[in-house]
Amino acid sequence: MESGVGVAFGQGMSTVLRAADLPSHLEVGEASIDVSFDSGQFDIDRAALFDWVMQSARATTAYFGRFPVTHARVRLLQSPGARVSNGVSFGEPGARCRITVGQHVTQADLDDDWVLTHEMIHFGFPSVEQRHHWIEEGIATYVEPIARAQVGRLTAERVWREMVDRMPQGLPAPGDQGLDNTHTWGRTYWGGAIFCLLADIEIRKQTGNAKGLQDALRAVNRAGGTIEADWILERALEIGDKATGGATLMDLYGQMASKPVSVDLPHLWAQLGVRPNGQGVALDDQAPRAAIRSAICRGRDR
């Protein structure tokens, strides 16, 4: 999918660029990202790091239909080792994130990274009360692999394999008191992701697969719901429901906010046609909800 993402390198610039020649100001459609570094001592050249930022922005743009804020700042912090880790996003002053990058990071590490896309997805949803932090992390956790699949950076098989492997961490344990009241890591990230998956499936069932969670989140973002804005959660859910012609988000929130809801994930995977197969999954296009599964990763035109 063409995302309209580009880099403002200027006119007449050679195709072979030195790190010192590269800009720190990147254009993403009608938006921009300023990239800064706390160190220049990376083994990989700065061009590769800028390209990684742009690829993450491209995936985020594909999902939201535009980059979700008009301006953002990304600061790269160096660490020992060779991996990307420890991203964190903020809404003030302005949309920004910090992300830790290993001094010895390789192109393969950057190509496989999910952290920066996860942080950029945060830019597209409003800041809500701390008890609702699960929705912020759940959206970023659920949307990130789908967004990367929509621009061809992940296969559908890998998206669903990761969900099969990791979503059980979001199921309620004994003593759970619902998503608003149980703030464990698993419930915050993967419990929130389960909420998103259930909402996506139900919206698509109710609309004959014409709309999904992607439409709801785009509507929230276009109504001014960005990380820079403080909203009550119900405002975002109601906007998303209006955009998809139902009450799925509010109904599901009413069910899951204050009490544990157990989800039969193996049955859900079977309905979607996601069948564990050794270290991966096989996708069954004859399953009852296979069309929904396919549409989730395929995404929408802008």
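Ser-85 stands opposite Thr-100 in β5, and this pairing offers a way into a structure that is a predicted model, in which local features need pLDDT of at least 70, side-chain atom pairs count only at pLDDT 80 or more, and totals for chains, interfaces and linings use all residues. Residues are numbered from 1 along each chain as its sequence is written, and side-chain values use heavy atoms, with hydrogens and water left out.

The strands β4 and β5 run antiparallel and are joined by five bridges; two strands are said to pair if DSSP finds at least two bridges between them. Helices (H or I, at least four residues) and strands (E, at least two) are DSSP runs, numbered from the N terminus. Four residues separate β4 from β5 in a hairpin, and Gly-94 in its turn has a positive phi of about 85°. Pro-93 also belongs to the loop between β4 (84-90) and β5 (95-102). The peptide bond that joins Glu-92 and Pro-93 is cis, with omega about -5°. Within strand β4 lies Asn-86, a residue other than glycine whose phi is nevertheless positive, near 55°. As background, most residues other than glycine have a negative phi, and most peptide bonds are trans.

The hairpin belongs to a wider arrangement. An open sheet of five strands, with mixed pairing, has the order β1-β2-β3-β5-β4. At its edges stand β1 (25-28) and β4, each with a single partner strand, so one side of each is left without a neighbour in the sheet. From one strand to the next, the twist averages 20°; angles run from 0 to 180 degrees between N-to-C directions, and axes are lines fitted to C-alpha atoms, for helices over the stretch in contact. At the β1 edge, four bridges pair β1 with strand β2 (residues 31-37) in the antiparallel sense. There, His-25 stands opposite Asp-34 in β2.

Helix α3 connects this description of the sheet with that of the helices. It lies across β2, β3 (71-79), β4 and β5, and runs at about 10° to β4. Contact, here and below, means heavy atoms within 4.5 Å.

Helix α3 (residues 115-122) also meets helix α1 (residues 46-64): their axes come within 9 Å and cross at roughly 45°. That angle makes α1 oblique to α3, given that angles under 35 degrees count as roughly parallel, over 145 as roughly antiparallel, 65 to 115 as roughly perpendicular and the rest as oblique. The crossing of α1 with α3 is right-handed; a crossing has this hand if the near helix is turned clockwise from the far one by less than a right angle, and is left-handed if anticlockwise. On the α1 side the contact involves Trp-52, Val-53, Ser-56, Ala-57, Ala-59, Thr-60 and Phe-64, which meet Leu-116, Thr-117, Met-120 and Ile-121 in α3. By class, the residues of this contact of α1 with α3 are eight nonpolar, three polar and no charged. In this division Ala, Val, Leu, Ile, Met, Phe, Trp, Tyr, Cys and Pro count as nonpolar, Asp, Glu, Lys and Arg as charged, and the others, Gly among them, as polar.

A second pair of helices may be followed in the same way. The axes of helix α6 (residues 185-206) and helix α11 (residues 290-298) come within 10 Å and cross at roughly 115°, which makes α6 roughly perpendicular to α11. This crossing of α6 and α11 is right-handed. Asp-200, Ile-201, Arg-204 and Lys-205 of α6 make the contact with Ile-292, Ala-295 and Ile-296 of α11. The contact of α6 with α11 has four nonpolar, no polar and three charged residues.

Another hairpin remains to be described. Strand β6 (residues 274-277) and strand β7 (residues 280-283) pair in the antiparallel sense over four bridges. Val-274 has Leu-283 in β7 as its bridge partner, and Arg-275 stands opposite Ala-282 in β7. Two residues lie between β6 and β7 in this hairpin, and Gly-278 in the turn has a positive phi of about 65°.

Finally, the chain may be viewed as a whole. Its secondary structure comes to 11 helices and seven strands. The C-alpha atoms fill a box of roughly 55 × 45 × 35 Å, taken along the principal axes. With 302 residues, a compact globule would have a radius of gyration near 19 Å, and the chain agrees with this, having 19 Å; the radius is taken over C-alpha atoms, and the globule rule is 2.2 Å times the number of residues to the power 0.38.
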